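Please open the structure in a viewer and keep the sequence at hand. The tour below proceeds from one selection to the next.

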Amino acid sequence: MSANWERIKSGDANLKNKILLRWRVIELIRSFFKERGFLEVDTPALVRYPGTEPHLDPLKTKLITRNIGERDAYLITSPEFSLKKMITAGFGNVFELAKCFRNGEAVGGKHNPEFLMLEWYRVEADYTNLMDETEELLNFICEQIFSVNSFSYNGQTINLKRPWERASVRDLFLQHLDLDLDVCRNERDLLAGEAEKRGQKIKKEDSFDDIFFKMFLNKIEPNFPADHPLIVYDYPLPMAALACQSKSNPLYAERFEVYLGGMELANAFSELIDPVEQCRRFLREQKARASLGKDTDVLDEGLLKALEAGMPATAGIALGVDRLAMLFADAKIIDEVLPLPASQLFKEN
């Protein structure tokens, strides 16, 4: 298979239009947020501490300088920590279109190790405000491109008409697995027992998250609607290290994800702003990273310092721009919306 630029030069107008549509989506995102008074910022792609998330593998390099010597450095998996420092500094509602990087994942399909992330943060807001704003953003982009709030993806018409369907994680487990997550009390062994009762094979080394996703991916996600979006909200508290505890049930966190066209598109929180609780969760994640044999010198104490300085109540969300472009361009794989995808840059000669 030729590289994308070679195919376009040879006259592949369909591929060219899909890539042009991705850049149109980026223009519309900027227009949406600037009309709402958000400030577009840019933050470092190269950082000293990438964060403690145990399931992410940041790309590691070494910074070599003439005056401060050598330092381990990482390409960001998300601009989240830097954006929170901007909010604490007083810049108000902000958004960023950031190049992010993740190691250890597939190349091709729905993944590219370098990808474009939209993150936006609204102060004095919670995750319900961002549910509404996400609906508004996608309807705005869709209507600007297609003049209607529906589009075709993978042979299916997807309707973005508001309000979108919303379902709590607890309700989904009750509906599809007849399992009340409350009885597991966020304890690994209790969840493992319930999973085994439902035919799941659990290994002794499986974590709470591993067991949760075995059931979620096998029994719940395949039932998600194909013709409209779904917002899944209130995840178990151990699965949301950066989110506030739910005000209605302390076993859960104020976190939601958006599913559209069979893809996980966005992840959002009412942001945790308590520095003591945030530090406790970071240390727990560091311990989890150590158990997996991963780098542990990754905790950004600068974020804790920002929280101690007084970050206002804020809700934040990360949305995969390349996946959104895939949907609107009716692209089966991410390579179809990228001019120079990694699968072509790094393929064997």
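Is R198 buried or partly exposed? R198 is partly exposed, since its relative accessible area is 24%. The model on display is a predicted one.

**First stop: R198 and its partner**

With R198 still selected, add E194. The two form a salt bridge in which the closest N and O atoms lie 2.9 Å apart. E194 has a relative accessibility of 15% and therefore counts as buried, because the limit for that class is under 20%.

**Second stop: the whole chain**

Now zoom out to the protein chain. Its secondary structure comprises eleven helices and 13 strands. The radius of gyration is 21 Å, close to the 20 Å that the globule rule gives for 349 residues, so the chain is as compact as a globular protein of that length. Measuring tools aside, the C-alpha trace spans about 60 × 55 × 45 Å along its principal axes.

A surface display may be added at this point. The protein chain exposes about 16,800 Å², and carbon and sulfur atoms supply 50% of that area. Of the 349 residues, 48% count as buried. Among contacts with a separation of 6 or more, 67% are accounted for by residues 24 or more positions apart.

**Third stop: the nonpolar cores**

Select L118 and W120. Within the largest nonpolar core, which has 49 residues, these two touch the most other members. The largest share of this core, eight residues, comes from helix 4, residues 127-146. A second, separate core has 25 residues, including V169, F208, L230 and Y259.

Return to W120 and display its surroundings. Neighbours within four places in sequence aside, W120 is in contact with residues that include F33, F38, V94 and F95. Its contacts also include L130, E133, T134 and L137, as well as A315, G316, I317 and L319.

**Fourth stop: charged residues in buried places**

Select K84, which is placed in helix 3, residues 80-89. K84 counts as buried because its relative accessibility is 0%. Which residues does K84 touch, not counting those up to four places away in sequence? They are Y121, L242, E271, L303 and M311.

Next, select E285 in helix 8, residues 275-291. E285 is buried yet has no salt bridge. The nearest side chain of opposite charge belongs to R284, at 6.1 Å. Leaving aside neighbours within four places in sequence, E285 is in contact with T52, E53, P54 and A241.

**Fifth stop: strand 12 and S270**

Move to S270, found in strand 12, residues 263-270. With a relative accessibility of 3%, S270 counts as buried. Select A253 as well: A253 and S270 are 17 residues apart along the chain, and their C-alpha atoms are separated by 8.4 Å. Beyond neighbours within four places in sequence, the contacts of S270 include D126, Y127, L242, A243 and C244. E254, T314 and A315 are also in contact with S270.

**Sixth stop: salt bridges**

E254 leads to the next selection. Its side chain meets that of K247 in a salt bridge, at 3.0 Å from N to O. K247 is exposed, with a relative accessible area of 69%, whereas E254 counts as buried at 5% relative accessibility. Elsewhere, salt bridges that share partners join R36, R122, D132, E133, E135, E136, R162 and R166 into one network.

The structure holds 33 salt bridges. Another of them is formed by the side chains of D180 and R170, at 2.9 Å from N to O. D180 lies in the loop between helix 5 (169-177) and helix 6 (188-197), and R170 lies in helix 5, so the pair ties together parts that are ten residues apart in sequence. D180 is partly exposed, with a relative accessible area of 22%, and R170 is partly exposed, with a value of 26%.

**Last stop: helix 10**

Finally, select residues 321-329, which form helix 10. Why is helix 10 described as largely enclosed by the rest of the structure? Nine of its nine residues are buried, so the surrounding structure largely encloses it. The buried residues are V321, D322, R323, L324, A325, M326, L327, F328 and A329. Extend the selection to D330, just after helix 10, where phi is positive at about 55 degrees.

How values were computed
Residues numbered from 1 in each chain as written. Predicted model: local features only at pLDDT ≥ 70, side-chain atom pairs only at ≥ 80, totals over all residues. Heavy atoms only, no water. Core = buried A, V, L, I, M, F, W, Y, C linked by side-chain atoms within 4.5 Å. Buried < 20%, exposed > 50% of the residue type's maximum accessible area, 1.4 Å probe, protein only. Helix = DSSP H or I, 4+ residues; strand = E, 2+ residues; numbered from the N terminus. Contact = heavy atoms within 4.5 Å. Lys, Arg positive; Asp, Glu negative; His and termini not counted. Salt bridge = Lys/Arg side-chain N within 4 Å of Asp/Glu carboxyl O. Rg over C-alpha atoms; globule rule 2.2 N^0.38 Å. Areas by Shrake-Rupley, 256 points an atom, 1.4 Å probe, with all protein chains shown as cover.
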